[in-house]
Amino acid sequence: MRFKYSTTNSTQNEFDSLPRIPLLLRCGDQSIEALGLVDSGATVNVLHYELGLELGAVWDDRKAIIQLTGNLSSQPATPLPLTAEIADFQPTQLVFAWVRNPSVPLILGQTNFFLEFDVFFYRSKLEFEINPKS
């Protein structure tokens, strides 16, 4: 299934477009619609603090065992498994590094988004394609 690159606000132009995908995240009986950045350079999926709280997750500093890298290296993170629904695909379990930071974007990275989906980028066309792993 193909998706268009998008911007996050109307002041941006097409050169600011990035591969973002709408998805429904579920944790127990709680669900929330979100927009995830498909990032082939990210090692892990990342979920910001407020989204986890809205899904009913409870932060526990003792479980904040994930060591992130890059500009998130100083942020504590804990593993949070969620069910993700994307387009008409079957629901898929994704594990996120839930970060105690409200300003990080929702990132879909190598572990485990890219393990569950084949992704093809067509930047010149401002499109990308996602298919469940074969």
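This short report looks at the nonpolar cores of the structure and at two buried residues, Thr92 and Ser17. The model is predicted.

**The cores**

Let us start with the largest nonpolar core, which has 31 residues. The members that touch the most other members are Ile21, Leu25, Val38, Leu47, Leu108, Phe113 and Ile130. Several elements each give two or more residues to this core: the strands β2 (20-27), β3 (30-38), β6 (76-85), β7 (92-99), β9 (117-122) and β10 (127-132), together with the helices α1 (49-54) and α2 (113-116). Apart from this core lies another one, of 9 residues, including Val46, Leu72, Ala77 and Ile107.

Leu47 is a good residue to find in the viewer. Setting aside residues up to four places away in sequence, Leu47 touches Leu25, Gly52, Leu80, Leu82, Phe96, Ala97, Trp98, Val99 and Leu106.

**Two buried polar side chains**

Thr92 sits in strand β7, while Ser17 belongs to the loop between β1 (2-4) and β2. Thr92 counts as buried because its relative accessibility is 13%, under the 20% limit. Ser17, at 6%, is buried too. In each case a polar side-chain atom lies close to a backbone oxygen, as the table shows.

| Residue | Relative accessibility | Backbone oxygen of | Distance |
|---|---|---|---|
| Thr92 | 13% | Gln90 | 3.2 Å |
| Ser17 | 6% | Glu14 | 3.0 Å |

What else surrounds them? Leaving out neighbours within four places in sequence, Thr92 is in contact with Leu82, Thr83, Ala84, Glu116 and Phe117. With residues up to four places away again not counted, Ser17 touches Tyr5, Ser6, Thr7, Arg123 and Leu126.

Notes:
Residues numbered from 1 in each chain as written. Predicted model: local features only at pLDDT ≥ 70, side-chain atom pairs only at ≥ 80, totals over all residues. Heavy atoms only, no water. Core = buried A, V, L, I, M, F, W, Y, C linked by side-chain atoms within 4.5 Å. Buried < 20%, exposed > 50% of the residue type's maximum accessible area, 1.4 Å probe, protein only. Helix = DSSP H or I, 4+ residues; strand = E, 2+ residues; numbered from the N terminus. Contact = heavy atoms within 4.5 Å. Polar contact = N/O pair within 3.5 Å; in protein donor to acceptor, adjacent residues only side chain to side chain.
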